[in-house]
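This briefing introduces one protein chain to a reader who has not met it before. It moves from the overall form to the strands, and then to the surface and the charged pairs.

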Amino acid sequence: MRNTAAINASWTLPLGVNKLYGGWTLNSIVTLQGGFPFTPQLSYNPSNNGDTRNPVRPYVNPSFNGPVILGSPNQWFNPAAFLAPPNASGFYGNLGRDTLVGPGLAIWDFSVLKSTAIRERMNLQFRAELFNLLNRANFNTPNAVVFTPSGVSPTAGLITSTSTTSRQVQFGLKLLW
């Protein structure tokens, strides 16, 4: 991926005149990253070279106009931007490797902690932790297969899963001694 940033912060609220407001800590982690590059592919091998680990790529469609990346989970990229190589021996597409970029990721984790002194060396800590606070859907890389032997794949560019979970909330008590 081209860009990534992780920012974390922790703030312990100062103990004020009233001890009721002391012992609170706020924590935050924000993670932002660009999408992973991927290569559109064919589900068959018109090159007949026998290499199943390195699928053949399509041709770039010279008459295509418009955006290649559509950005929808139902169709991340436009398959009309590509042409299938002839279904005969020895043909490879001219599309470069890792030319498209999948969806990026943005997630905010947040927690609140309250520490209460029980004795001189004993504290009880209440924790509220929220993962993916904004409940943002972070999508996985789309289906890269553009062409099958019968034509354009009906699932070309389709995203069927997320890379992170939905919002998760957990509470806990921790005894520190």
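**Briefing on the chain**

In strand β13, Val-152 is the bridge partner of Phe-147. The model that shows this pairing is a predicted one. The chain holds 14 strands and zero helices, and the points below describe how some of these strands pair and what lies on the surface.

**Overall form**

- Read from the N terminus, the elements run β-β-β-β-β-β-β-β-β-β-β-β-β-β.
- The radius of gyration is 25 Å, well over the 16 Å that the globule rule gives for 177 residues, so the chain is more spread out than a compact globule.
- Along the principal axes, the C-alpha atoms fill a box of roughly 80 × 35 × 25 Å.
- Of the 177 residues in the chain, 29% are buried.
- The chain exposes about 11300 Å², and carbon and sulfur atoms supply 57% of this area.
- Among contacts between residues at least 6 apart in sequence, 68% join residues at least 24 apart.

**The sheet with β12 and β13**

- An open sheet is formed by three strands in the order β4-β12-β13, and its pairing is mixed.
- The edge strands of this sheet are β4 (41-42) and β13 (151-152), each of which pairs on one side only.
- Strand β12 (residues 145-148) runs antiparallel to β13, and two bridges join them.
- The bridge between Phe-147 and Val-152, named at the start, has its Val-152 end in β13.

**Pairing of β1, β2 and β10**

- Strand β1 (residues 4-12) pairs with strand β2 (residues 24-33) in the antiparallel sense, over nine bridges.
- Ala-6 has Thr-31 as its bridge partner in β2.
- Strand β2 also pairs with strand β10 (residues 105-119), again in the antiparallel sense, over ten bridges.
- Thr-31 has Ile-107 as its bridge partner in β10. Thr-31 is thus a bridge partner of Ala-6 and of Ile-107.

**Nonpolar surface patch**

- Ile-118, Leu-124, Phe-126, Val-169, Phe-171, Leu-173, Leu-175 and Trp-177 make a nonpolar surface patch of about 900 Å².
- Two elements, β11 (122-131) and β14 (168-176), give two or more residues to the patch.
- The most is given by β14, with four residues.
- Trp-177 lies in the segment after β14.
- The relative accessible area of Trp-177 is 78%, and the cut-off for exposed is over 50%, so Trp-177 counts as exposed.

**Salt bridges**

- The count of salt bridges comes to two.
- In one of them, Arg-97 pairs with Asp-98, and the closest N and O atoms are 3.4 Å apart.
- Arg-97 is exposed, because its relative accessible area is 62%, whereas Asp-98 counts as partly exposed at 31%.
- In the other, Arg-127 pairs with Glu-129, with the closest N and O atoms 3.0 Å apart.
- Arg-127 is partly exposed, with a relative accessible area of 22%.
- Glu-129 has a relative accessible area of 15%; buried means under 20%, so Glu-129 is buried.

Notes:
Residues are numbered from 1 along each chain as its sequence is written. This is a predicted model: local features need pLDDT of at least 70, side-chain atom pairs count only at pLDDT 80 or more; totals for chains, interfaces and linings use all residues. Side-chain values use heavy atoms; hydrogens and water are left out. Patches are made of residues with over 30% relative accessible area and no salt bridge: like charges are joined within 9 Å, nonpolar side chains (Val, Leu, Ile, Met, Phe, Trp, Tyr) within 5 Å. Accessible areas come from the Shrake-Rupley method with a 1.4 Å probe; for residues, only the protein chains shown count as cover. A salt bridge is a side-chain nitrogen of Lys or Arg within 4 Å of a carboxyl oxygen of Asp or Glu. Buried means under 20% relative accessible area, exposed over 50%, partly exposed in between (1.4 Å probe, protein chains only). Two strands pair if DSSP finds at least two bridges between them. The radius of gyration is taken over C-alpha atoms; the globule rule is 2.2 Å times the number of residues to the power 0.38. Contact means heavy atoms within 4.5 Å.
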